[in-house]
Each structure stands twice: as C-alpha cells, then as structure tokens.
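Subject: Handover of a structure and notes on its contents

Dear colleague,

Please find below the structure that I am handing over to you. I would be grateful if you could keep it open while you read the notes that come after it.

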Amino acid sequence: MFFQTNGLRLAYEDRGTGLPLVFLHAFPLNRSMWTPQLAVLSQQFRTIAIDMRGHGESDAPLWNFSLEHYADDVCALLDHLNIPQTVLVGLSMGGYISLAFSREHGNRLKALILSDTRAQSDSADGRRGRFQLAQTAFSQGSAAVADIMLPKLLGPTTLQTKQELVAYVRSTITTSSVSGIVTDLMAMADRPDSVRQLSTITAPTLIVIGQEDNTTPLADAQLMAERIPGARLAVIPLAGHLSNLEQPDLFNELVSRFAGELQKGTL
Ligand code: MLT
C-alpha cells in the first residue's frame, strides 16, 4: 500500500487489528526486516511497517533531509490511517527516528520500544565515518556498503550459523538505492544529541538490546533505561544489532508481553 506526503509516495504494510504498533526499520534496510514480527504480532495487534523515504518501495528523493522529516512522514502515515496514537517500535536508525518523533509529535505516542539504538549524537569520528561510507556508496555502489555493514549489523553467532539471514541482509542492502543510503547517512550525522530529552519522555518505554550488539552496545541501552522514567530493559542473547531478525521469537515475545499489558491497560 502507498500514501502521499509532501510530494513523496511512501510504501507501508498494515496487518491485523487492535492496538497499533508502527515499526521503523534500520539503516540501510527496509520494512521487509519486520516480516517475522508482522507475521506473528498481527494476530494480536494492528502492525504497520513503513519504508522510510529512500528505501524499499518508497520514493528516493535526491536531497538532504533531517530525521525530523522522517518522523513527519510517520506522523503523516498516522493521519492517513486515522490513528490518533501509536506504539513506535524503532530499531537503530528507526530508534533515532522514534526519538525525533517523540520530540516533534509526542502527543501521538502511546508507548516506545527502542531497540539496538542510542540517544547520543555522532562523535566527530562517527561523522567522518558517515562521510566516507557515503563516498563508498557513490563510487562503488550499494554492494560495497553491504560488505562494510554486514559485520556491524549481525552478531558473530548469526554470521556463523544463519547463512540465509546473512544472504537476506546482504541482498537487501545491495538493492538499496545509493540516494537512500546517502540521505540516511547525512540525516544520522546531523541528528541532535537526545540524552537530555530522555528524562522528559512520559510514554511507557521498553529498551531492547542484542547481547552481541557492538554497533550500539549495552552501555547505550543502559543509559536510555536509566534516564527514561520507568523504562524497562531487556537483553536478547545470541543476537547482534538486528536483534529482531537474529532472535525473532524472543523479540516477538518481549513486544507481545509489553504491548499486551498496554492493550489491557495494566501498564
Ligand atoms: C542502523 O542499524 O540503523 C545503523 O547502524 C545506525 C547507525 O549507523 O548509527
């Protein structure tokens, strides 16, 4: 399915009924990374996954955007679907977008699930790395980006034992557009520090982290859990940065329990 916002055509999937959960994907993937979640959680909730601008079946405009623009796209999707409030499930870049959404559209947020992400902005080194990766994407294409990103996205256990998943992540990155990749890199490099914002978040929050995540490690998750009032923290064993794909059953169980409590009104 598609909707239009600010002259862009963006793609999304909408399955199930009940409490709405909107899933925001990682860099440089697309909504297909949430397939194991929509397949199971749509039996209990309304599950919606969006291709962020530049990814999957969404338009890939050649321009410089901020993560606030991505958050506005999510809000436009809620308007399109007449959803007053949602649970956001954001992984990594999806988590950065969730934090931007919480700043810009906090009244539309019912709860937050922040997975394998961080509140800090990029360091100077981190920003230089983004610039270099953008130049690699431009000069060598998306396949070169896949080579660099695979060991950052997947934990050692997955890299050794789940070749189908490794192949899926590689092919998804390889088919990503260079403009989408570069737009994300610029937006992430320019994102503000959100650490001070954490103590102002009033939405119930669950933090999820793969035990083998070296890209946004446990300390980043602990910082968010300590600063967001009442936040819960869950660590998923034998998973790296893409914890929802590496251990989908455990990830689904965590979301199901947390969102189930919200749906019953016991959280
Ligand atoms: C992601 O998975 O979205 C990225 O690794 C996030 C980042 O590069 O900061």
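The notes below describe what was found, topic by topic.

Please bear in mind that this is a predicted model.

The nonpolar core

The largest nonpolar core holds 91 residues, and the members that touch the most others are Leu21, Trp34, Ile97, Val169 and Leu242. Helix H2, which covers residues 67–80, gives the most to this core, with eight residues. As general background, nonpolar side chains in soluble globular proteins tend to be buried together.

Trp34 and its aromatic partners

Trp34 deserves a separate look. Apart from neighbours within four places in sequence, Trp34 is in contact with Phe23, Leu24, His25, Ala49, Val89, Leu91, Asn244 and Phe251. Two of these contacts, Phe23 and Phe251, return below as ring partners of Trp34.

The count of aromatic pairs in the model is three. One of them joins Phe23 and Trp34, with ring centres 5.0 Å apart and planes at 50 degrees, a tilted arrangement. The two residues are eleven apart in the chain: Phe23 belongs to strand E3 (residues 20–24), while Trp34 sits in the loop between E3 and helix H1 (35–41). Both Phe23 and Trp34 are buried. Trp34 also pairs with Phe251; here the centres are 6.1 Å apart and the planes meet at 45 degrees, so this pair is tilted. The second partner, Phe251, lies in helix H12, 217 residues from Trp34, and the pair therefore links distant parts of the chain. Phe251 is buried, as is Trp34. Through these ring pairs, Phe23, Trp34 and Phe251 form a cluster.

Ile48 in strand E4

Ile48 is located in strand E4, residues 46–50. Its relative accessibility is 0%, and Ile48 therefore counts as buried, the limit being under 20%. In sequence, Ile48 and Phe23 are 25 residues apart, yet their C-alpha atoms are 6.1 Å apart in space. Beyond its neighbours within four places in sequence, Ile48 is in contact with Tyr12, Glu13, Asp14, Leu21, Val22, Phe23, Leu77, Leu81 and Ile83.

Helix H5

Helix H5 runs over residues 142–153, and its buried residues are Ser142, Ala144, Val145, Ala146, Met149, Leu150 and Leu153. These buried residues pack against five helices, listed here with their residue ranges: H4 (124–140), H6 (156–161), H7 (163–174), H8 (178–189) and H11 (243–246).

The ligand

Which residues surround the ligand? They are Ala26, Phe27, Ser92, Met93, Tyr96, Arg130, Leu153, Met188, Thr215 and His241. Leu153 is thus found both in this list and among the buried residues of H5. Three side chains place a polar atom at a short list of distances from ligand oxygen: 2.8 Å for Ser92, 2.5 Å for Tyr96 and 2.7 Å for Arg130. On its own the ligand has 270 Å² of accessible area, and the protein covers 93% of that area.

Backbone features

Most residues other than glycine have a negative phi, and most peptide bonds are trans. Several places in this model are therefore worth checking on screen. Phi of Ser92 is near 55 degrees, a positive value. Ser92 lies in the loop between E5 and helix H3 (93–104), and Ser92 is buried, with a relative accessible area of 8%. Phi of Asn82 is also near 55 degrees. Asn82 is found in the loop between H2 and strand E5 (86–91). Is Asn82 buried or exposed? With a relative accessible area of 67%, Asn82 is exposed.

The peptide bond from Phe27 to Pro28 is cis, with omega near -10 degrees. Pro28 is placed in the loop between E3 and H1.

Glu261

Glu261 lies in helix H12, residues 248–264. The relative accessibility of Glu261 is 19%, so this residue counts as buried. Not counting residues up to four places away in sequence, Glu261 touches Arg232, Thr266 and Leu267.

Yours sincerely,
A colleague

How values were computed
Residues are numbered from 1 along each chain as its sequence is written. This is a predicted model: local features need pLDDT of at least 70, side-chain atom pairs count only at pLDDT 80 or more; totals for chains, interfaces and linings use all residues. Side-chain values use heavy atoms; hydrogens and water are left out. A nonpolar core is a set of buried Ala, Val, Leu, Ile, Met, Phe, Trp, Tyr and Cys residues joined through side-chain atoms within 4.5 Å. Buried means under 20% relative accessible area, exposed over 50%, partly exposed in between (1.4 Å probe, protein chains only). Helices (H or I, at least four residues) and strands (E, at least two) are DSSP runs, numbered from the N terminus. Contact means heavy atoms within 4.5 Å. A residue is near a molecule or strand if one of its heavy atoms lies within 4 Å of it. A polar contact is a pair of N or O atoms within 3.5 Å; within protein, one must be able to donate a hydrogen and the other to accept it, and residues adjacent in sequence count only if both atoms are side-chain atoms. Accessible areas come from the Shrake-Rupley method with a 1.4 Å probe; for residues, only the protein chains shown count as cover. Rings of Phe, Tyr and Trp (its six-membered ring) pair if their centres lie within 6.5 Å; planes under 30 degrees apart count as stacked, over 60 as edge-to-face and the rest as tilted.
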